[in-house]
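I sat down with this one to look up how the strands are arranged and what the cysteines are doing. Here are my notes, in the order I took them.

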Amino acid sequence: MSNGEVSWWSEEDVRSTLPKREATGHKGTYGTGLLLAGSRDMPGAALLAGIGALRSGIGKLVIGTDKEVIGHAVSIIPEATYLSDGLKKIGDSSAGLDSYKAAAAGPGIEPDSTTEAAIKQLLSSDVPLILDAGALSERSYPERQAPVILTPHLGEFSRITGMEIKVVKEDRAGHALSLAEKLGVTIVLKGNESVIAFPDGEVYQNPTGSSALAKGGTGDTLTGMMLGMLCCHKEENWKHAVLNAVHLHGACGEKWTETRSAHTLLAHELSDLLPEVWKGYE
Ligand code: APR
Ligand code: MG
């Protein structure tokens, strides 16, 4: 159990934990990430998360999505490879999953039985796993070596716990930590000054961000950035990857509002800002 202390994940913390890109590194050094995202009515989520991942240090990206989404996605993200109808394929078999360095599921998919079957297979693997949006449901988690990271906003936190939003708001850190300890997973409770609670009792709050982020799609971008960060950080530094993704995502929101109105950000533009923002931390 924790003593309930909440620390800020500061600029200095990010500077001292971001990995270097080794001169002799190759794409295998940074690992392959699997992203299960996007569906016929929500294809953009796969693009936002995919671009976020590719901008965030990943070696290679595989996007598992509907066949018809791939037709649109490939011209926008030619850097990725695609697993057509990936959600269904992963749900049918976990073969090959352990070749991924990390996986993320949820943006632009529905919380239905197909999603649940895929998540069951992902949880049976030993791959670090981010669950967001449609991959968030009320469920328990098996004991496993690799981390599971849930990234709910307040509404999703309420949906998976049955708690009222106004009750959660009164003590975000306390409720995030209770859920993290109960489920044995990491909880990133998103919003202004997101809270990050680890199952070992550590709790952090993120100091970066801006109201420009209050727009559909910015959460999908974060999921992708976190997937990329899990791939480029050393496996044992997965907590740094989670914290650094939230911090840098917020810093991109701040960068936007330095010279532009907070009303005007498009979610994919966070990924356009990341190269310069990240450089500022190196
Ligand atoms: N200040 C700082 N950060 C903020 C603020 C704010 N005022 N508002 C939002 N954010 C950040 C959050 O911390 C999070 O990182 O923006 C991101 C928003 O993520 P989500 O809430 O997951 O939003 P997103 O998924 O992109 O879009 C909303 O979620 O509930 C579903 O289907 C619904 O389409 C909708 C989608
Ligand atoms: Mg979201």
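**Entry 1: β8 and its neighbours.** I began with Leu 189, whose bridge partner in β9 is Val 195. This is a predicted model, so I read every contact here as computed. β8 and β9 run antiparallel and are joined by three bridges. The hairpin they form has five residues between the strands, and there I found Gly 191 with a positive phi near 145°.

Then I turned to the other partner, β7. β7 and β8 pair in the parallel sense, over two bridges. Here Leu 150 has Ile 187 in β8 as its bridge partner.

Are the two faces of β8 covered or open? Both are covered: Thr 186 and Val 188 are buried on one side, and Ile 187 and Leu 189 are buried on the other. That fits the textbook pattern, since side chains in a regular strand alternate between the two faces of the sheet.

**Entry 2: the whole sheet.** Next I traced the strand order and got β1-β10-β9-β8-β7-β6-β5-β2-β3-β4, an open sheet of ten strands with mixed pairing. β1 (6–8) and β4 (81–84) are the edge strands; each has a single partner, so one side of each has no neighbour in the sheet. On average, neighbouring strands are turned by 20° against each other, direction ignored.

At the β4 end I checked the pairing with β3 (residues 60–65), which is parallel over four bridges. Ile 63 stands opposite Tyr 82 of β4.

**Entry 3: helices on the sheet.** I looked up two helices. Helix α9 (residues 172–183) lies across β1, β7 (148–150), β8 (186–189), β9 (195–197) and β10 (203–205), and runs at about 30° to β9. Helix α10 (residues 218–232) also packs on the sheet, where the strands it touches include β2 (32–36), β5 (102–105) and β6 (129–131). The direction of α10 makes about 170° with that of β5.

**Entry 4: cysteines.** How many disulfides does a search of the whole structure find? Zero. I wanted to know why, so I went through two of the cysteines. The sulfur of Cys 232 has its closest cysteine sulfur in Cys 231, 7.8 Å away, which is too far for a bond. For Cys 252 the closest cysteine sulfur is that of Cys 232, at 14 Å, and that is also too far for a bond. I noted the burial of both: Cys 232 has 8% relative accessibility and counts as buried, and Cys 252, at 0%, counts as buried too.

Terms used: Residues are numbered from 1 along each chain as its sequence is written. Chains are lettered from A and ligands numbered from 1 in the order in which they are written. This is a predicted model: local features need pLDDT of at least 70, side-chain atom pairs count only at pLDDT 80 or more; totals for chains, interfaces and linings use all residues. Side-chain values use heavy atoms; hydrogens and water are left out. Two strands pair if DSSP finds at least two bridges between them. Axes are lines fitted to C-alpha atoms, for helices over the stretch in contact, and angles run from 0 to 180 degrees between N-to-C directions. Contact means heavy atoms within 4.5 Å. Buried means under 20% relative accessible area, exposed over 50%, partly exposed in between (1.4 Å probe, protein chains only). A disulfide is a pair of cysteine sulfur atoms within 2.5 Å.
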